[in-house]
Every structure is written in C-alpha cells, then in structure tokens.
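The exercises below ask for salt bridges to be identified and their partners to be placed by accessibility and by position along the chain. Each task is followed by a solution that goes step by step.

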Amino acid sequence: MTNETNVHRSRRSGSVEAPLQTRANTIVKAEDHGTPLELSDITIRYGGGKSGAEAVSVVEGFDLTLHAGEMHCVAGRSGSGKTSILTVGAGLTLPTSGRVFWEGDSLESMGDDEIADRRRALIGYVDQGGALIDGMSALENVLLPAVPDGEVEQRRDMAKDLLDLVGLGRRMRHRPAQLSGGERQRVAIARALILGTRVLVVDEPTASLDRASANRIISILKDTTNDGIAVLVASHDHELVRLSDTLTELI
C-alpha cells in the first residue's frame, strides 16, 4: 500500500510567519529564503531492477512546501517512509521519481559536486542518535563541519554560542561518553547549525529520551524556527506532533 491515498496534512494555528529574534548568527530572513525546500510528486521505491525482486513502494505522490520559520513534522508508524522522505529532502538519496527543489532550484539540474556544496550551505541533517565522534569534545564535534573549509577558528565563537543556545555551554569540553542521550542530541543539533543552516532536517530526535529531555529538544527546535530556519522532522512523539506548525501523517 502506498502513501498517496494515506496521507493527512494539516496546518497548525499560530504558525510562525517571520523571524522573531537573532541567536548565534543563525538568522534567516524569510523574504530572502521564503521557500527553502520543496518536494514535488515524490515517489520512493526499493528493490526491483536486475535482482528480479518486486519493487516495494514506500512513498508515492508526496508533496511538501516548507517555508522559512516553519516546523513540519512527518509522522507515522515505523516503515511508513518518514526517514526516506527526510533523506530525499536533504539530498542524501535520490527519489525514484519526482523533483526536489532547494530555494527554487531543482536538484535535477545539479551534478553531485554541486549538490554536495549546496547541501553544506543549506541543510543541517541530524540522524537518529546524533552520531557524535567519541574522541572529541562537544565543542570539537560542533566544529566538525567547518573543518573541510578551514574555518574552525572563524566559527569557534559561533560554536560556543550554539552550545549556549542548546543549554550546554558549561559542558563544551565534555566528550560524548560524559553526556546523556538528550545532551548528545543537543550537541548534534548545534553541529547541524554551525554553517548557517537554512533547513534543519532531524530524524526522530526524541526517540529513547525521557519526557523532560524530549521536551527540551522540542523547545530547541521551536526556538530554531524563531530564527527563520525551516525545520523538517520525522517523529511519532505526540508532543512534537502537537507543537509542529504543519503536519503530514503517513498511514
């Protein structure tokens, strides 16, 4: 069964229309980047091809327009295609068919190198669990995306500000083993914002966390939208679903 006829979309009241304040130099002006991400008629299938196995449709006919300063939640049961949608939106995988637009530009018109460059400038991706480097401090983990461009020192103050933003300014020297699961997730969010991200893509950020830690993560994501950053999140957390500005339910 595909998701084409089993999708419910809704818009919450009180959606953020414009940035409210600036934090950690992550401000994005909505008038400059009003629609940073758009997915049009996305179909995702796995299998088939030379293997002879029948292709399985995970997502069909999926559409999404994500506005600056808005948090959209993709909700649904395990295996419904939530993560697949996120990785396609982040340009990490290609859809079977359909088009992905970043700030109005179709990925179809870009080569692999351009997609990689644009992703670094536009998308901050946080997978399940956060995936920090064990031998590095929280601060060093946040600065990792700045290494390829040789901008570690230039972004050090911003990294500290981001750790303050997620409530970990006093733990920036701690390594992942010294942090709780919720704290590691918060470090991963700070890392995803270090390059001036305009779209934050987060997969199941509150999974396996206690309620207090989960609520802290949700609060951080909502605060991020106040800086004009668009947030695309996959979750079945009822509180995160409730507080999202818009919602797609995959059944």
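With a relative accessibility of 8%, Asp237 falls in the buried class, in a model that is predicted.

**Exercise 1.** Find the salt-bridge partner of Asp237 and state where the two residues lie in the chain.

*Solution.* The side chain of Asp237 meets that of Arg211 in a salt bridge, with an N to O distance of 3.0 Å. This pair links distant parts of the chain, since Arg211 belongs to helix H6 (residues 211-225), whereas Asp237 sits in the loop between strand S9 (230-234) and helix H7 (238-243), and the two are 26 residues apart. As a last step, consider the cover of each partner: Arg211 has a relative accessibility of 42% and therefore counts as partly exposed, while Asp237, at 8%, counts as buried because the buried class is defined as under 20%.

**Exercise 2.** Decide whether Arg45 and Glu60 satisfy the distance criterion for a salt bridge, and assign each residue to an accessibility class.

*Solution.* The closest N and O atoms of Arg45 and Glu60 are 3.5 Å apart, and the cut-off is within 4 Å, so the pair forms a salt bridge. Next, locate the partners: Arg45 lies in strand S2 (residues 37-46) and Glu60 in strand S3 (residues 56-66), 15 residues apart, and the pair links distant parts of the chain. For the accessibility classes, Arg45 has a value of 37% and is partly exposed, whereas Glu60 has a value of 16% and is buried.

**Exercise 3.** Which classes, buried, partly exposed or exposed, apply to Glu153 and Arg156?

*Solution.* Begin with the contact itself, in which the side chains of Glu153 and Arg156 meet in a salt bridge at 2.8 Å, N to O. The relative accessible area of Glu153 is 56%, and because exposed means over 50%, this residue is exposed. Arg156, with a relative accessible area of 24%, is partly exposed.

**Exercise 4.** Place these pairs in the context of the whole protein chain.

*Solution.* Start with the count, which comes to 12 salt bridges by this distance rule. The chain that carries them has 7 helices and 10 strands, and 49% of its 251 residues count as buried. Turn then to contacts between residues at least 6 apart in sequence, among which 74% join residues at least 24 apart. Finally, the accessible surface of the protein chain comes to about 11700 Å², and carbon and sulfur atoms account for 46% of that area.

Conventions:
Residues numbered from 1 in each chain as written. Predicted model: local features only at pLDDT ≥ 70, side-chain atom pairs only at ≥ 80, totals over all residues. Heavy atoms only, no water. Helix = DSSP H or I, 4+ residues; strand = E, 2+ residues; numbered from the N terminus. Buried < 20%, exposed > 50% of the residue type's maximum accessible area, 1.4 Å probe, protein only. Contact = heavy atoms within 4.5 Å. Areas by Shrake-Rupley, 256 points an atom, 1.4 Å probe, with all protein chains shown as cover.
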